[in-house]
Amino acid sequence: MRNESPVILDPTDERAPMGRQPAARPARLDGPLGIIDIAKARGDVFCDEVERLVRERLPSVDVIRLRKPTYTKPAPGDLRDEVGARCRAVIQALAD
Amino acid sequence: MSDLPAAGAEAPAFSLTDRQGATLAFDGGAAAGATLLFFFKHDCATCELTAPLVERLHRALGPHGLRVAGVSQDPEADTAGFVDRHGLGFDVALDADLTVSADYGFDAVPALVLAGAARRVRHSFEGFARQDLVALIERAAGACGVPAPAIIREEDGLPDHRPGCGSKVHDPEVARRLAVRRGAATLGARRVRIPVDDDPFEFMASQGLDDGLPVVPPTEARVLRMLEGTTRPASEVVAHVPPNLAPATVEKVAINAVMAGCRPEYLPVVIAAAEAACTDAFNLHGVLATTYFATPVIVVNGPIRRRIGLNCGGNVFGQGFRANATIGRALQLLVRNVGGGRPGEVDMSTLGQPGKFTCCIGEHEEVSGWEPLHVERGFPAGTSTVTVFAGEAPRAIRDQLSRTARSLGASMGWCLETMAHPKLHRMGEVLLVVSPEHARTFARESCTKADLRARIQEVTARPLRELLPDDECQKGMALGTLPPEYLGPDGRPTAEALDTPLPKFRRDDDILIVVAGGTAGKFSAMLGGWASGAAGSTAVTREITGQRPVRNALQTR
């Protein structure tokens, strides 16, 4: 039986992960809308259809089409910057 | 070897409690007079011989300013017996955890240290030596400004020399504890105290630190022991581990290696695997995040395989071999704990595979007729390396009938064509693990790896028209994966392109070949790759550095 509490070394990076809080969902779409294709097969087909529906139902909203270079890696910094600078909201297609 | 401070050196300060619980400090500054320290243990014959002499010196010079302090290496009860037996009138402190004895560095007791102002040592020795004792008495008297008293009497019948008894500091259990105490100060990781009523294994599981199997609690002693396996400093950052790109020090790698069950001599392999996996080329973030089956498959080459008992033979992908099982697991735990890659979060694999617990093999270089993987990839044969490959689980290539390289190469090619999907050609890397019996078939005809790769490409080459999506099977090659010259102005493949045979792999060199496994059995294995190339993951080889011989680890706690 143990008579004292054992001490272990922390195997983690010891930093609480940064909370990834998404921006508040806008009440309505009234600004530039980004549609991001993550570059998976047939993602463009899906994004085309989304764009068609947006233009049909929200003709006043500007649509900006964006595309990741590859689905296998996180979006590069310049693409993230572009989203932040140009888009009020984004729709991202996540699968094939 | 004794490190007892010699004349002229500064004696370490200390503060202990005496037998009554009062503080006994030796921290004299410049104004302090002479002090004689007498280290002893109760069951030492040489200490028995010396104690009466020290008591006489105390009585003779105490009134003139000599302070005598005994330091016992024993618990109170044994110390009391020794003190009473010799009628010791000077203060005696208890060095209960032996840290002061360790600081003084002597190998044997008794150890005597005469110090003057500012704890400057005037004379010291261990064991019994008449000449040393005479010198010490003279210097003690000199420090007190009186003639040397007659301490040694002829009727004592003292020998000229008598060796002392081993200091308790060198008892294996004490030595280990002291080493931990000293070494622990060099460790930077946050300490986590497990609640006294909790089972350590359950506690670690409850904190989400495991992979579903129990992990070894990484105590300070175990981590220090693990760090003995490498010459690299504990604070060195060896990688930034995805997905959080958190820095992994040698110490953090060691902690996770302890948890995985590694022995210290495996640590350099784990470090090298982490270095290789955390490169842009390997793209561990993608390997981790994909819904596919990929996971780091570790292939070890070079002399270290034999030194650490890494299995290269029978059941090489299977259970029962500690080095294989724990090295791969350590990398996975590192990714989980330091990188933050956990299933259901960043790790989104649809089905996963058993290799995501661990997957590490050695190449069976000794039975291969080919140059081993690391030599092919530019390293000297005598260098030890790890190669990480983002692979699926191994699948069987069965051929007990082929007796020629041409036939066996065809079998392998047709099996390899099923990687991912038979209609997907121009694929990236694959790992082909050739069994020793199959390797012999190739060796008999001096068939090189290049010959085998060419044969695989030859038998798998099919006209593009058979590889495109059609009504029979809607899966097939995407037009975007074809060379631009295959497409006409309408964006469709040209007639000529439709008749062009396409082999399974983009480049012959995408077929990585190693020999491994038992010497009986005409079965080889293939491990399909993931999205390979610049947009995906490419196999990476790293030299294993910082190896250090390690003593038997059976007593590590």
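1. R455(B) counts as buried, at 13% relative accessibility, in this predicted model. The side chain of R455(B) meets that of E458(B) in a salt bridge, with an N to O distance of 3.3 Å. E458(B), by contrast, is partly exposed, its relative accessible area being 47%. Because the two residues are three positions apart in helix α16 (residues 449–460) of chain B, about one helical turn separates R455(B) from E458(B).

2. A second pair within a helix is found in chain A. E56(A) and R52(A) form a salt bridge whose closest N and O atoms are 3.0 Å apart. Both residues belong to helix α1 (residues 43–57) of chain A and stand four residues apart, about one turn of the helix. E56(A) is exposed, at 51% relative accessible area; the cut-off for this class is over 50%, so E56(A) falls in it. R52(A) is partly exposed, at 43% relative accessibility.

3. A further salt bridge joins the side chains of E14(A) and K252(B), with 2.7 Å from N to O. This pair crosses between chains: E14(A) is in the loop between β1 (7–9) and β2 (33–37) of chain A, whereas K252(B) is in helix α8 (residues 250–260) of chain B. The partners also differ in burial class, since K252(B) is buried at 8% relative accessibility and E14(A) is partly exposed at 28%.

4. Beyond single pairs, salt bridges link D48(A), E51(A), R55(A) and R65(A) in a network. Over all chains, the number of salt bridges comes to 35.

5. Turning to the nonpolar interior, the largest nonpolar core has 64 residues, and the members that touch the most others are I298(B), V300(B), I327(B) and V386(B). Helix α9 (residues 267–277) of chain B makes the greatest contribution to this core, with nine residues. A separate, second core contains 50 residues, among them L36(B), L61(B), V71(B) and A140(B). In general, nonpolar side chains of soluble globular proteins tend to be buried together.

6. Which residues does I327(B) touch, leaving aside those up to four places away in sequence? The contacts of I327(B) are C262(B), Y266(B), V269(B), V270(B), I298(B), I308(B), L310(B), R322(B) and C360(B). One of these, I298(B), is listed with I327(B) among the core residues that touch the most other members.

Terms used
Residues are numbered from 1 along each chain as its sequence is written. Chains are lettered from A and ligands numbered from 1 in the order in which they are written. This is a predicted model: local features need pLDDT of at least 70, side-chain atom pairs count only at pLDDT 80 or more; totals for chains, interfaces and linings use all residues. Side-chain values use heavy atoms; hydrogens and water are left out. A nonpolar core is a set of buried Ala, Val, Leu, Ile, Met, Phe, Trp, Tyr and Cys residues joined through side-chain atoms within 4.5 Å. Buried means under 20% relative accessible area, exposed over 50%, partly exposed in between (1.4 Å probe, protein chains only). Contact means heavy atoms within 4.5 Å. A salt bridge is a side-chain nitrogen of Lys or Arg within 4 Å of a carboxyl oxygen of Asp or Glu.
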